[in-house]
Amino acid sequence: MARKLLLEKIGIEGIRYYDAYRKSGGYASVEKVLKTMSPDDVTNEVKKSGLRGRGGAGFPTGMKWGFLAKPQGVPRYLICNADESEPGTFKDRYLMEHIPHLLIEGLIVSSYAVGSNCTYIYIRGEFGWIVDILEQAIAEAKNNGWLGKNILGSGFDCEIYVHPGAGAYICGEETALLESLEGKRGNPRIKPPFPALKGLYDCPTVVNNVETLSAVVPIINYGSEEYAKIGIGKSAGTKLISACGNISKPGVYEIEMNISVEEFIYSDEYCGGIANGRRLKACVPGGSSVPILPANLLLKTAKGETRMMTYESLSDGGFITGSMLGSGGFIVYDEDQCIVRNTYSFSRFYRHESCGQCSPCREGTGWMKKILWNIETGKGKIKDIDLLFSIQSKIEGNTICPFGDAASWPVAAAIRHFRDEFEWHVTNAEEAQRRNYGLAGYAEPLKVAAS
Amino acid sequence: MVMNKFSEQRLKEIDNVISRFPDGKQKSALLPVLHMAQEDFGGWLSVETMDYVASLLNILPIEVYEVATFYSMYNLKPVGKYVFEVCQTGPCMTRGSESIIQYIEEKLGIKAGETTSDGLFTLKTVECLAACGYAPMMQMGKSYKEHLTKEKVDSIIEECRNHAAKNN
Ligand SMILES: Cc1cc2nc3c(=O)[nH]c(=O)nc-3n(C[C@H](O)[C@H](O)[C@H](O)COP(=O)(O)O)c2cc1C
Ligand code: SF4
Ligand code: FES
């Protein structure tokens, strides 16, 4: 069994509540940092651990904390990003629902490190019942002296508040989140200035994902060296993967970042293989925004090496033959799935969620959705496929926020790897209404170019 | 028509939310207060309700309209007593969300986006709700209904009808 750091205690009865959590060693990291470490010590520990942001971009967490401006007399804010809206991703929800005190503990330690006396958890509004769970955990923590004024006599004050959004994927983008937290529409801000300089109410702000902030607890408890030893190279520690689609056992799994993609999909410890004895066709390994890969490129890199569940290995080959670990939203497609329909569904999602500020994103997402619908319903032309590719290439890189890229990449990758299937929809329009293209050659071993 | 007003209890809750933010930043409370308004005043936000919220937070009505029209959880027209919000995004689609939506449409005799003539049910299609591993699924009020099957849909509808009959 792989080492668990975040889900270590998940099986303990009553772990959702304070008593069981505390009895099993909870809040030890708060005692440790408040009694024996300075804020900079904590930041250094996180730097040395190699922890990278678990929200999708994988930016080194300690380094981000180090960038925070610290002008005298100006409050600083830590914001926990619990917006979790990237299709395929449902891991933060799992942590908050089952072991909320782990997040609260991580938030107190991280707030101390960055000097935030007032920390907000921005949570997607649909998670109404999780708001209640978190509110209760915060109240319990406060009643037991872990929050409030002068915590453990250290002189450090901290309050944590839960703040629900109201249904908008874009509010997961950190500057849109800040706008939303200020009570406005979730329109991303032009960067720079970055939140580290001007964030919430123009004050220096750090935004981190739920899983990132929870991981700070084992880093403090076991030490950065222990943590950095897990995984491979710059993919340090454990990662939560939310696995879904056509697998036998959808769910949230904590992996050490040193296993192969094949093991993750087929072993009984994790996904348990493809459901109903079907064959693997494709996978989106890191949430809807990352490139989709056909089975052959998913299990092996273009160089013929085993593809591993790490940031580096999943992106090996760049966007031509690779993908990304992203948020860990692992979506698996079996041989019966239609790539055109799936790409259409993602485009509809991005069309719906675009904030509308930039014309390439606002117009481009709608146009892509329309063309994909035409192809899917037998009204497409071959030149539409090229048009699609051209539209996505004009959105990417030409927008205020990375949402534009996120909307483009899935379309680009689908056409790049599954062009036959798109063409088949056009040339066999009638047949395509009756059946799916199937596995075709997408699982066949690729010829590895001689090096 | 009588103007909607929050109860004393609610007004205290609202003060509490406002107190979480620095002085002068009471606008930050807008999203939570709109949620409360929608819950208390019939499941949707009328212009009167939005104006009322604006006056409570001491901001302009337009600031409330801007926000209410941006976020998908706010209903700007009346909805049924029970709102089924079925996820239709890719991962749910791979697990049969399309046939669940079709089944509900047939069973209730409405299309997505519509409300039954008895005012009991509204069906909406929504995008990913972070429950992809428990698909197909839908949101109903504050809870998620997951691993949906036709039988499960039948029993949810039945429960709603019974609940409505008891509460009338
Ligand atoms: C369109 C878009 C949506 C995003 N959604 C989320 C989200 O739901 N949750 C999240 O933690 N980060 C999300 N991010 C990333 C955040 O902007 C930010 O990088 C992240 O919260 C930083 O935390 P981390 O360093 O701990 O990963 C999103 C980014 C973009 C561009
Ligand atoms: S890229 Fe899209 S989502 Fe991002 S700011 Fe522009 S329009 Fe809004
Ligand atoms: S796709 Fe339906 S909950 Fe994520």
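This text walks through a ligand site, one helix and several unusual backbone geometries. The model is predicted.

Start at ligand 2. It sits in the largest cavity. Its shell holds 13 residues. The closest are Cys355(A), Cys358(A), Cys361(A), Thr399(A) and Cys401(A). By type, the shell around ligand 2 divides into eight nonpolar residues and five polar ones. No charged residue belongs to that shell.

Move to chain B and helix α6. This helix covers residues 97-108, twelve residues in total. From first C-alpha to last, α6(B) reaches 16 Å. That is close to the 16 Å expected at 1.5 Å a residue. Its buried residues are Ser97(B), Ile100(B), Ile101(B), Tyr103(B), Ile104(B), Glu105(B) and Leu108(B). An α-helix has 3.6 residues a turn, so positions three or four places apart point the same way. With that in mind, look at what the buried residues of α6(B) touch. They pack against two helices of chain B, α5 (90-94) and α7 (150-166). They also pack against the strands β1 (82-87), β2 (121-126) and β3 (138-140) of chain B. Gly109(B) follows α6(B), and its phi is positive, near 70 degrees.

Now turn to the backbone. Most residues other than glycine have a negative phi, and most peptide bonds are trans. Several places in this model depart from that pattern, two of them in peptide bonds. In chain A, the bond from Pro192(A) to Pro193(A) is cis, with omega near 0 degrees. Pro193(A) lies in the loop between α8 (174-181) and β4 (205-209) of chain A. In chain B, a cis bond joins Ala135(B) and Pro136(B), with omega about -10 degrees. Pro136(B) belongs to the loop between β2 and β3 of chain B. Those two strands already appeared as packing partners of α6(B).

Positive phi values come next. Tyr27(A) is not a glycine, yet its phi is positive, near 70 degrees. Tyr27(A) is found in the loop between α1 (18-23) and α2 (28-36) of chain A. Its relative accessible area is 0%, so Tyr27(A) is buried. Tyr201(A) is not a glycine either, and its phi is positive at about 50 degrees. The loop between α8 and β4 of chain A holds Tyr201(A). Pro193(A) is also in that loop. Tyr201(A) has 12% relative accessibility, so it counts as buried, since buried means under 20%.

Methods: Residues are numbered from 1 along each chain as its sequence is written. Chains are lettered from A and ligands numbered from 1 in the order in which they are written. This is a predicted model: local features need pLDDT of at least 70, side-chain atom pairs count only at pLDDT 80 or more; totals for chains, interfaces and linings use all residues. Side-chain values use heavy atoms; hydrogens and water are left out. A residue is near a molecule or strand if one of its heavy atoms lies within 4 Å of it. On a 1 Å grid over the protein atoms alone, a cavity is a set of points where a 1.4 Å probe fits but cannot get out, and a pocket is an open set with protein on both sides within 12 Å along at least five of seven lines; lining residues have an atom within 4 Å of a point. A molecule sits in a cavity or pocket if more than half of its atoms lie within 2 Å of its grid points. Ala, Val, Leu, Ile, Met, Phe, Trp, Tyr, Cys and Pro count as nonpolar, Asp, Glu, Lys and Arg as charged, and the others, Gly among them, as polar. Helices (H or I, at least four residues) and strands (E, at least two) are DSSP runs, numbered from the N terminus. The expected span of a helix is 1.5 Å times one less than its number of residues. Buried means under 20% relative accessible area, exposed over 50%, partly exposed in between (1.4 Å probe, protein chains only). Contact means heavy atoms within 4.5 Å.
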